[in-house]
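I opened a fresh page to keep track of what I looked up in this structure. The entries follow the order in which I went through it.

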Amino acid sequence: MDNFAIKRPEGGRVGLPPMPEPSTNEIVCRFAPSPTGQLHIGGARTALYNWLLARGSGGRMILRIEDTDRVRSTKENVDQIIEALEWLEIDWDGDPLSQAGHQSRHLEVIQQLKQSGHAYEHEGATRLRVPEDGETVVRDLIRGDVTFKHEAIDDFTIARSDGSPLYNLAVAVDDLDSGVTHVVRGEDHLSNTPRQVMILKALEQEPPVYGHLPLLHGPDGKKLSKRHGAASVQELRDAGFLPQAVRNYTALLGWGYDDKQTFFSTDELVKLFSLDRVGRSAAVFDEQKLRWMNGTYLREMDPGQLTVALEAFTGRDGLAGAAGLCREKIQTLADFWPLAGFFFDGPAEDAKAHAKFLDEEGRARLGEARDALATLEPFTDESIENALREVVERLDVKPKQLFQPVRVAISGTTISPGIFESLALLGREESLSRIDKAISAA
RNA sequence: GGCCCCAUCGUCUAAUGGUUAGGACGUCGGCUUUUCAAGCCGAAAACCGGGGUUCGACUCCCCGUGGGGCUACCA
């Protein structure tokens, strides 16, 4: 167990150079959010892509909280991020790292940079010396090499005047210390990347390769952020979306496989995802498409799973029957209760529906339906349908002239699951009681 | 302002010099029909503009235009 990694065929490798350490080619990714509250969908996608890259390559996934800004970095905010990742079933290796926890190392590096002449103090803060000439190239797997001329970059601050390390320094050092090989993050970080590369070069270290993802935009075309009513993972969860649907949908925001496939299981994503098929232009989050996709996932669940999910979401029990009747009609878990609540909490109060279908004629037809159902044996989908269709024929009315009044009588409104199935699920006693109530409630 | 990135239907995308520019969501129409959905069938809908390069450009290059990001002793 402890040395399986160096197991090799008998007699092999004699005279060959030593086998490289298994870690040499290992991809190490990291997701490094700053804890500003709920994880928004852009952050979720960044986390997902890193995770797919790590898991797809047998590499490692690091979670690091960028908490050097102590004001924003509350435990609640950190918990929100972890909660969101857990809900998405995105995991990581080892404990979450705290950037603030590495401060002594950061301070050490700042000292080192000062001593080597790469950094200097200015009005108490510490700045990195950026040469006037030359350029820094960022190796980006998505965009190709991106070149920044040094003349456009000022000497930038790496430590505050109170000595505390700043973001660009902390990121570069932490990525280095963790052995991060692939920095995959939003494009909003691209302009800062040459600074991080310069810090690494000043330390005589090789920078990682980068992959700057296109940003996610709101419907207004601006960067998706808290201010734009951005969908956070928690909001999506509370709106009744399934984690597997959110994973599938967000994977497609900036990445595509071919012209045939839209649905990808998580295993398929792990297998098929690659950075070279990630696009370069910003994408707009489209809740409509997510809803459609979520509905498809919902319909793919087996009845037991769906019931469990609905019961967890609504906090109610005994939903199996209603779940079965609604599975074709809902796109999110939240769609269920408005459609099926009447089974449990009684008919809704839709005055318009009442007025339209429970007029005198409607109530008269209800009476006929009631009689047909009162002694029906057995009381099943099929027998109910047969009985009510007989009534339709006998009264010589259109089917909906009978069925809609019945629907309103039992559900309170014009939209419901199939009427025969609904009656059967409700049971004879409750069905008759609701019909009676509708007839008498003139 | 400076620097950087980006540009195919309304939206997400496929195409990697030669296609009637494909698919999906949404929209519209039809079928089905007990409502609403779901499902099935069909339709409308795109290469930002201008120059090059090439026998041939959505694809390569340049310039515009447009959008976005960064430009903190925030991350």
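The notes below cover the strand surface, the cores, one helix with its surroundings, and a few backbone details.

**Entry 1: status of the model.** I note at the outset that this is a predicted model.

**Entry 2: the surface near the RNA.** I began with RNA strand B and found 60 residues around it, of which Ser 34, Arg 72, Asn 192, Lys 329 and Arg 407 come nearest. By class I have 20 nonpolar, 18 polar and 22 charged residues on this surface. Looking from the side of the strand, I see that 71% of its atoms within 4 Å of the protein belong to sugar or phosphate, while the rest belong to bases.

I then looked up individual atom pairs. The side chain of Arg 160 places an N or O atom 2.7 Å from a phosphate oxygen of RNA strand B, and a polar backbone atom of Gly 254 is 2.6 Å from a phosphate oxygen of the strand. For Leu 252 the protein partner is a backbone N or O atom, which lies 3.0 Å from a sugar or linking oxygen of RNA strand B. The elements that give two or more residues to the surface near the strand are β5 (125-128), β7 (146-149), β12 (283-284), α9 (287-300), α16 and α17. Which element gives the most to this surface? I find that α16 does, with 5 residues.

**Entry 3: Ser 416.** Since α16 and α17 both appear in the list above, I looked at the loop between them, where Ser 416 lies. Is Ser 416 buried or exposed? Its relative accessible area is 9%, under the 20% cut-off, so I record Ser 416 as buried. Its side chain makes a polar contact of 2.8 Å with that of Arg 407, a residue I had already listed among those that come nearest to RNA strand B. Leaving aside neighbours within four places in sequence, Ser 416 is also in contact with Lys 329, Leu 339, Phe 342 and Ser 411, and Lys 329 is again one of the residues that come nearest to the strand.

**Entry 4: the nonpolar cores.** The largest nonpolar core has 94 residues, and those with the most contacts inside it are Leu 85, Leu 373 and Leu 388. Helix α1 (residues 41-57) supplies the largest share of this core, 9 residues. A second, separate core of 28 residues includes Val 109, Val 146, Ile 199 and Ala 202. I followed Leu 85 further and, leaving aside neighbours within four places in sequence, I find Leu 85 in contact with Phe 31, Leu 39, Ala 47, Leu 63, Ile 90 and Trp 92.

**Entry 5: helix α15.** Helix α15 (residues 381-395) has 15 residues and reaches 21 Å from its first C-alpha to its last, close to the 21 Å expected at 1.5 Å a residue. I list its buried residues as Ser 383, Ile 384, Ala 387, Leu 388, Val 391 and Val 392, and what covers them includes α14 (360-374), α16 (399-411) and α17 (419-426). On the α14 side I checked Ala 372, which is found in that helix and, leaving aside neighbours within four places in sequence, is in contact with Ala 387 and Val 391. Ala 372 is partly exposed, with a relative accessible area of 21%. Arg 394, by contrast, lies in α15 and counts as exposed at 54% relative accessibility.

Next I looked at what comes before and after α15. Pro 378 is found in the loop between α14 and α15, and the peptide bond from Glu 377 to Pro 378 is cis, with omega near -10°. After the helix comes Asp 396, whose phi is positive, near 55°.

**Entry 6: other positive phi values.** Glu 123 has a positive phi of about 50° although it is not a glycine; I place it in the loop between β4 (119-122) and β5, and with a relative accessible area of 74% it is exposed. Glu 204, also not a glycine, has a positive phi near 60°. Glu 204 sits in the loop between α5 (193-202) and β10 (209-213), and at 73% relative accessibility Glu 204 counts as exposed.

Methods
Residues numbered from 1 in each chain as written. Chains lettered and ligands numbered in written order. Predicted model: local features only at pLDDT ≥ 70, side-chain atom pairs only at ≥ 80, totals over all residues. Heavy atoms only, no water. Helix = DSSP H or I, 4+ residues; strand = E, 2+ residues; numbered from the N terminus. Expected span 1.5 Å × (residues − 1). Buried < 20%, exposed > 50% of the residue type's maximum accessible area, 1.4 Å probe, protein only. Contact = heavy atoms within 4.5 Å. Core = buried A, V, L, I, M, F, W, Y, C linked by side-chain atoms within 4.5 Å. Near = heavy atom within 4 Å. Polar contact = N/O pair within 3.5 Å; in protein donor to acceptor, adjacent residues only side chain to side chain. Nonpolar A, V, L, I, M, F, W, Y, C, P; charged D, E, K, R; others polar.
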